[in-house]
Amino acid sequence: MSFGEKFPEREIQQSMTSIHSSRQLGDAIRTARKQLVLTQPQLALAAGVGVRFVVELEAGKPTVRLAQVLRVIEALGGEITLNGLPGATVQAHHEGSGDGA
């Protein structure tokens with residue numbers, strides 16, 4: 001459950017953001033967290049990751065684990081959408097799928 005679902009009374013501005021670097025991803029995560037009025041420890045707890053991970057993610061560390069990034073994005077009420085890739089359409093969200101780690 002995301003914070004948007006837990007706190008529907010909070011007015012949240014939703015937008016689509018193009019991400020081209022780990023720094024831009026970190027900035028987007030930080031902006032969303034602050035808009036939800038969350039501390040880094042609160043977000044870490046909600047996503048099931050460590051505070052250090054959230055700090056490094058927001059700082060743009062390029063070697064973070066994708067499974068944990070996805071948990072943080074989900075906890076913030078977001079999702080990742082890929083555009084412009086060749087090939088067949090793939091179902092974007094598989095419930096219960098492993099992270100391959």
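**Exercise 1. Which helices do the buried residues of α4 pack against?**

Solution. Please keep in mind as you work that this is a predicted model.

Step 1. Start by picking out the residues: F53, V54, E56, L57 and E58 are the buried residues of α4.

Step 2. Now look for their packing partners. The buried residues of α4 pack against α2 (22-35), α3 and α5 (66-75).

Step 3. Finish at the end of the helix. α4 is followed by G60, and the phi of G60 is positive, near 90°.

**Exercise 2. Describe the overall make-up of the chain.**

Solution. Step 1. Count the elements: the chain has 5 helices and 0 strands. Along the sequence, this reads as α-α-α-α-α.

Step 2. Turn to burial. The chain has 101 residues, and 24% of them count as buried.

Step 3. Consider the surface. About 7400 Å² is exposed by the chain, and carbon and sulfur atoms supply 53% of that area.

Step 4. Look at the contacts between residues at least 6 apart in sequence: 58% of these join residues at least 24 apart.

**Exercise 3. At what angle do the axes of α3 and α4 cross, and which residues make the contact?**

Solution. Step 1. Recall what is needed: two packed helices are described by the angle between their axes and the distance between the axes.

Step 2. Apply this to the pair. The axes of α3 and α4 (residues 51-58) come within 8 Å, and they cross at roughly 110°.

Step 3. Classify the angle. Angles of 65 to 115 degrees count as roughly perpendicular, and α3 and α4 are therefore roughly perpendicular to each other.

Step 4. Add the handedness: the crossing of α3 past α4 is right-handed.

Step 5. List the residues that form the contact. α3 contributes Q40, P41, L43 and A44, while α4 contributes V51, V54, V55 and E58.

**Exercise 4. Is R33 buried or exposed?**

Solution. Step 1. Locate the residue: R33 sits in helix α2.

Step 2. Compare its accessibility with the cut-off. Buried means under 20% relative accessible area. R33 has a relative accessible area of 8%, so R33 is buried.

Step 3. See what surrounds R33. Leaving aside neighbours within four places in sequence, R33 is in contact with L38, T39, Q40, L43, E58 and L76. Among these, Q40 and L43 of α3 and E58 of α4 also take part in the contact between those two helices.

**Exercise 5. Characterise Q42 and K61, one after the other.**

Solution. Step 1. Q42 is found in helix α3 (residues 40-47). With a relative accessibility of 39%, Q42 counts as partly exposed.

Step 2. Check the side chain of Q42 for a polar partner. One of its polar atoms lies 2.8 Å from the backbone nitrogen of T39.

Step 3. Move on to K61, which lies in the loop between α4 and α5. Its relative accessibility is 33%, so K61 counts as partly exposed.

Step 4. Find the contacts of K61. Beyond neighbours within four places in sequence, K61 is in contact with S22 and E56. K61 and S22 are 39 residues apart along the chain, and their C-alpha atoms are separated by 6.4 Å.

**Exercise 6. Which residues of α5 are buried?**

Solution. Step 1. Go through the helix: A67, Q68, V69, V72, I73 and A75 are the buried residues of α5.

Step 2. Look just past its end. There, G77 takes a positive phi of about 90°.

Definitions and conventions
Residues numbered from 1 in each chain as written. Predicted model: local features only at pLDDT ≥ 70, side-chain atom pairs only at ≥ 80, totals over all residues. Heavy atoms only, no water. Helix = DSSP H or I, 4+ residues; strand = E, 2+ residues; numbered from the N terminus. Buried < 20%, exposed > 50% of the residue type's maximum accessible area, 1.4 Å probe, protein only. Polar contact = N/O pair within 3.5 Å; in protein donor to acceptor, adjacent residues only side chain to side chain. Contact = heavy atoms within 4.5 Å. Areas by Shrake-Rupley, 256 points an atom, 1.4 Å probe, with all protein chains shown as cover. Axes fitted to C-alpha atoms, helices over the stretch in contact; angles between N-to-C directions. Parallel < 35°, antiparallel > 145°, perpendicular 65-115°, else oblique. Left-handed = near helix turned anticlockwise from the far one by under 90°.
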